[in-house]
Amino acid sequence: MELYAYERRRWLVDQARQAGRIDVAEVARELTVAKETVRRDLTALEAEGLLRRVHGGAIPVERLGFEGTLALRNTSRTDEKGRIADHAVGLVGTAESIYIDEGSTTQAFAERLTPRRPLTVVTNSLPIALVMAPREAVSVVLIGGRVRGKTLGTIDHWALRMLEDFVFDLSVLGTNGLTLERGATCPDAAVAAVKARAVGSSRRTVLVTDSSKLGSDSSYRFAQVRDFSTVVTDRSANEGQIRRLRAIGVEAVMV
């Protein structure tokens with residue numbers, strides 16, 4: 001089967017997630033390409049935080065509990081994340097208090113959020129707090145806790161205690177995986193706990209995620225699919241998955 005590089009790499013990720021592992025030699029035979037081509041593809045996908053290279057092949061990051069650094073994720077699928085963030089900004093509406101989760105897509109949302117009326121922004125992300133603090137109409141509350149080196153997000157019991165005191169008009173969250181069967185998941189239990197508390201404190205919750213996360217599971221669930229009023233993703237999303245989200249009453253938007 002002859003594929004363009006983009007199609008081939010998407011196929012590699014899908015195969016890895018379905019089988020749990022892919023082998024360079026087997027892929028090269030099936031796709032009729034050189035082993036070195038497959039190795040280059042796997043290296044590129046590892047740089048995007050989608051696969052982890054192992055001897056002779058690769059494993060999907062969800063199986064390892066692997067999570068890319070924020071700097072790495074900020075360079076991955078930037079066009080898609082930008083469109084997702086642009087749409088999500090339009091969903092803020094009349095909200096007076098919002099929670100913004102740590103992550104690269106939520107940071108893209110924060111960078112585009114320039115309210116003209118007073119808005120309280122609560123976040124567990126140091127980079128997002130730095131983005132929002134200079135904006136005149138915004139009052140920023142940074143959730144305290146242990147700071148994660150990979151994402152510069154705060155977690156653990158300090159963060160959970162602070163979130164107990166809030167009621168948000170809107171929460172904007174990211175995820176590492178989303179399936180109808182298991183909901184929204186991430187690879188870190190402490191991160192999942194903070195996300196779950198934010199969902200529970202919100203009148204309305206929007207999930208912003210690029211399509212690579214749809215159909216995959218990570219280790220810890222922080223929300224059921226029905227907990228989200230809206231899921232915003234990119235146009236590469238599987239239309240069948242989008243229809244299933246809509247069938248259970250979730251507004252699913254491809255941008």
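**View 1. The stretch from residue 5 to residue 60 in this predicted model is 64% helix and 18% strand.** Pick out the C-alpha atoms at the two ends of residues 5-60 and you'll find them 18 Å apart. There's a label for this stretch too: an unreviewed UniProt entry places the feature "domain: HTH deoR-type" at residues 5-60.

**View 2. Here is the largest nonpolar core, a set of 30 residues.** Who touches the most other members? Those are Tyr99, Leu173, Leu178, Val194, Phe222, Phe228 and Val231. Several elements chip in two or more residues: the helices α9 (157-163), α10 (189-200) and α11 (239-247), plus the strands β11 (183-186) and β13 (220-223). Helix α10 gives the most to this core, with six residues.

**View 3. Now zoom in on Leu178, one of the residues that touch the most other members of the largest core.** Leave out anything up to four places away in sequence, and Leu178 still touches Gly183, Ala184, Leu207, Lys213, Leu214, Gly215, Ser216, Val225, Phe228 and Val231. Two of those names, Phe228 and Val231, also appear among the core residues that touch the most other members.

**View 4. A separate nonpolar core has 25 residues and lies apart from the one with Leu178.** To find this other core, look for Val138, Val172, Val206 and Val253, which are among its members.

**View 5. The largest pocket holds about 430 Å³ of space.** This pocket is lined by 20 residues, and the closest to its centre are Arg10, Val13, Asp14, Arg17 and Ser212. Which helix gives the most to the lining? That's α1 (residues 5-19), with seven residues. As for the chemistry, the lining divides into six nonpolar, seven polar and seven charged residues.

**View 6. The second largest pocket has a volume of about 150 Å³.** Around this pocket sit Leu178, Thr179, Leu180, Glu181, Leu214, Gly215, Gln241, Arg244 and Leu245. Strand β10 (177-179) and helix α11 are the elements that give two or more residues to the lining. Helix α11 gives the most, with three residues. Sorted by class, the lining has four nonpolar, three polar and two charged residues. Spot a familiar face? Leu178 lines this pocket, and Leu178 also belongs to the largest nonpolar core. Two more lining residues, Leu214 and Gly215, are on the list of residues that Leu178 touches. Helix α11 turns up twice as well: α11 gives two or more residues to the largest core and three to the lining of this pocket.

Conventions: Residues numbered from 1 in each chain as written. Predicted model: local features only at pLDDT ≥ 70, side-chain atom pairs only at ≥ 80, totals over all residues. Heavy atoms only, no water. UniProt positions renumbered as here; feature names shortened; annotations may be inferred. Helix = DSSP H or I, 4+ residues; strand = E, 2+ residues; numbered from the N terminus. Core = buried A, V, L, I, M, F, W, Y, C linked by side-chain atoms within 4.5 Å. Buried < 20%, exposed > 50% of the residue type's maximum accessible area, 1.4 Å probe, protein only. Contact = heavy atoms within 4.5 Å. 1 Å grid on protein atoms, 1.4 Å probe; cavity = no way out; pocket = protein on both sides within 12 Å on 5 of 7 lines; lining within 4 Å. Points joined across faces, edges and corners; volume = space filled by probe spheres on them. Nonpolar A, V, L, I, M, F, W, Y, C, P; charged D, E, K, R; others polar.
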